[in-house]
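User: I would like to go through the labels on this model one by one. Please set each value against its cut-off.

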Amino acid sequence: MRRTQRHFVEGPNSLWHIYKTVPFWKVTKNFLVIQTARYTPFLPMKNWMYKNFLKMNIGKHSSFALMVMPDVMFPEKITVGENSVIGYNTTILAHEYLIDEYRLGDVVIGDHVMIGANTTILPGITIGNGAIVSAATLVHKDVPAGAFVGGNPMNIIYTAEQMAARQAKS
């Protein structure tokens with residue numbers, strides 16, 4: 001189950017209320033930092049930018065591939081553990097604007113996690129330590145530690161125990 005805070009709005013859709021929910025200059029700064037980082041091939045510089053300008057919590061040796069798109073409005077709600085890989089063109093959302101409400105939720109990606117390319121992670125998700133997320137997955141619910149998941153919508157392909165058994169046979 002995703003853990004999000006719901007905020008209801010009246011009148012036009014919630015995105016129309018954007019600058020009542022997040023300051024314009026914060027979004028502008030975040031957009032410029034993210035666009036710069038998306039194209040830089042220097043992983044330590046990218047992590048430094050995310051930590052210092054966006055207030056993301058990023059563990060040692062974690063890697064963001066080219067074109068990764070962290071949440072532009074609430075990047076401070078994203079935590080990535082140590083030695084994890086976030087694949088090419090992945091989107092990590094900590095917000096969602098709907099018609100009558102907007103939702104905010106922390107995204108927690110554990111240690112030693114592999115996120116495949118073109119994945120979308122929705123707000124309020126926790127991905128456990130050692131999990132593997134297949135490319136092009138829509139992560140709409142929590143991922144157990146050590147699991148291998150994939151698909152749209154996401155399904156568990158192998159649990160941690162099944163993965164261990166497969167690796168023992170190899």
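The exchange below covers aromatic pairs, exposure, fold and charge.

Analyst: This is a predicted model: local features need pLDDT of at least 70, side-chain atom pairs count only at pLDDT 80 or more, and totals for chains, interfaces and linings use all residues. Residues are numbered from 1 along each chain as its sequence is written, and side-chain values use heavy atoms, with hydrogens and water left out.

User: How many aromatic pairs does the structure hold?

Analyst: It holds 6 aromatic pairs. Phe24 and Trp25 form one of them, with 4.8 Å centre to centre and 80° between the planes.

User: Why is the pair of Phe24 and Trp25 called edge-to-face?

Analyst: Rings of Phe, Tyr and Trp (its six-membered ring) pair if their centres lie within 6.5 Å; planes under 30 degrees apart count as stacked, over 60 as edge-to-face and the rest as tilted. The centres of Phe24 and Trp25 are 4.8 Å apart and the planes meet at 80°, so the pair is edge-to-face.

User: What makes Trp25 exposed and Phe24 partly exposed?

Analyst: Buried means under 20% relative accessible area, exposed over 50%, partly exposed in between (1.4 Å probe, protein chains only). Trp25 has 65%, so it is exposed. Phe24 has 40%, so it is partly exposed. Together with Tyr19, these two residues form one aromatic cluster.

User: Why is the pair of Phe148 and Tyr158 called stacked?

Analyst: The planes of Phe148 and Tyr158 are 15° apart and the centres 6.1 Å, so this pair counts as stacked. The pair links distant parts of the chain: Phe148 sits in strand β16 (residues 148-150) and Tyr158 in strand β17 (residues 155-158), 10 residues apart. Strands are DSSP runs (E, at least two residues), as are helices (H or I, at least four), numbered from the N terminus.

User: Which exposure class do Phe148 and Tyr158 fall into?

Analyst: Both are partly exposed: Phe148 has a relative accessible area of 21% and Tyr158 has 24%.

User: How do you know that the radius of gyration agrees with a compact globule?

Analyst: The radius is taken over C-alpha atoms, and the globule rule is 2.2 Å times the number of residues to the power 0.38. With 170 residues, that gives near 15 Å; the protein chain has 16 Å, so the two agree. The chain has 4 helices and 17 strands. Buried residues make up 44% of the 170.

User: How far apart do the centres of the positive and negative side chains lie?

Analyst: They lie 6 Å apart, for 16 positive and 11 negative side chains. Lys and Arg count as positive, Asp and Glu as negative; His and the chain ends are not counted. Each charge is placed at NZ of Lys, CZ of Arg, CG of Asp or CD of Glu.
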